[in-house]
Amino acid sequence: MIHIISFENPRMAQAFVDYMAGQNIQLQLHPSNDQQHYELWLADEQHTEQVRQELETFLRNPNDPRYLEASWQTGRTDAQLQYRNYLTFSYLKQQSGPLTIAVILLSIAVYLWVTLTDPRVVLYYLGWPIGDQQSELWRWISPAFVHFSISHIGFNLALWWFLAGQVEKKMGTGKLFTILLVSALFSNWGQSLFSENNFGGLSGVVYALVSYVWLTGERRPEIGIGIPRGLMVFSIIWLFFGYFDLLGMDIANAAHTSGLIIGLLMGIWDNRLSFKHQGSK
């Protein structure tokens with residue numbers, strides 16, 4: 001038995017197994033000992049060179065339609081894959097990085113400040129700049145760390161941990177910092193057009209991460225980040241409900257929309273080579 005490669009994404013691993021099965025080469029797929037990777041093994045050594053050549057081609061463009069077609073034609077419905085549960089505490093802890101944790105701690109500290117004083121006091125120091133406050137540069141970002149209820153901060157931080165942790169672990173702290181800075185700035189600006197400085201929350205950044213992680217996971221699954229498509233659909237539905245006031249609460253619709261758009265734009269830019277490669281076919 002020859003070890004060929006280890007994948008973090010089980011769907012990606014199974015796609016290559018199915019494709020090689022169509023070439024009459026059988027690969028075995030097994031979870032690693034740490035249950036974090038999926039190993040491909042080849043029993044017949046005479047096919048080693050062919051498998052490695054096909055693997056190089058596959059890794060360059062795992063979204064090629066021929067791999068999807070192979071899964072439809074030769075894929076098994078009884079594959080014993082254990083798909084990772086992204087919402088377990090142990091996984092979230094494993095995926096967190098220093099910036100992910102720092103934002104969580106900062107948001108909690110600001111929330112305690114809100115509960116111990118008055119939201120208006122906090123917004124006086126951290127709210128979006130108005131009037132002669134334009135030179136106080138922290139205000140362009142700081143509203144993202146202000147939350148007004150336990151459900152508000154709990155929902156935002158859970159999604160932040162899930163999404164930001166993936167980006168930071170797989171793409172680096174610098175990439176996450178860029179997304180945080182740009183999306184906080186644009187989502188805060190968008191909401192300020194409707195609410196002046198009477199708003200706060202990380203949800204604009206979360207929406208940017210939702211669209212960025214979704215698009216990157218779809219275009220380049222080899223990076224190892226992604227979200228269930230159902231979460232993307234839920235985010236759009238939540239946005240729709242917010243605009244039509246169907247939720248019975250104050251929703252920062254402009255921040256959500258601005259974040260969603262800027263996340264998509266950043267995702268398109270960062271994944272532009274995958275679009276060019278697809279367009280050249």
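This is a short dialogue about reading the annotated active site in a predicted model.

Q: Which residues does UniProt list for "active site" here?
A: An annotation of this kind comes from a record, and this entry is unreviewed. For this chain, UniProt lists Ser203 and His256.

Q: Why do Ser203 and His256 gather at one spot?
A: Look at spatial distance as well as sequence position. The two residues span 54 residues in sequence, yet their C-alpha atoms are no more than 6.4 Å apart, so they gather at one spot. From this set, Ser203 is also part of the lining of the largest cavity.

Q: Where do the two residues sit in the secondary structure?
A: Check which element holds each one. Serine 203 belongs to helix 9, which covers residues 203-219. Histidine 256 belongs to helix 11, residues 253-270.

Q: Is serine 203 buried or exposed, and is histidine 256 buried or exposed?
A: Compare the relative accessible area with the cut-off: under 20% counts as buried. Serine 203 has 10%, so it is buried. Histidine 256 has 6%, so histidine 256 is buried too.

Q: What does each residue touch, leaving aside neighbours up to four places away in sequence?
A: Here we list contacts between residues. Serine 203 touches Asn156 and His256. With its neighbours within four places in sequence left aside, histidine 256 is in contact with Ser203, Gly204, Tyr207, Trp238, Leu239 and Ile251.

Q: What joins the side chains of histidine 256 and serine 203?
A: For this, go down to individual atom pairs. The side chains of histidine 256 and serine 203 are joined by a polar contact of 2.9 Å.

Technical notes. Residues numbered from 1 in each chain as written. Predicted model: local features only at pLDDT ≥ 70, side-chain atom pairs only at ≥ 80, totals over all residues. Heavy atoms only, no water. UniProt positions renumbered as here; feature names shortened; annotations may be inferred. 1 Å grid on protein atoms, 1.4 Å probe; cavity = no way out; pocket = protein on both sides within 12 Å on 5 of 7 lines; lining within 4 Å. Helix = DSSP H or I, 4+ residues; strand = E, 2+ residues; numbered from the N terminus. Buried < 20%, exposed > 50% of the residue type's maximum accessible area, 1.4 Å probe, protein only. Contact = heavy atoms within 4.5 Å. Polar contact = N/O pair within 3.5 Å; in protein donor to acceptor, adjacent residues only side chain to side chain.
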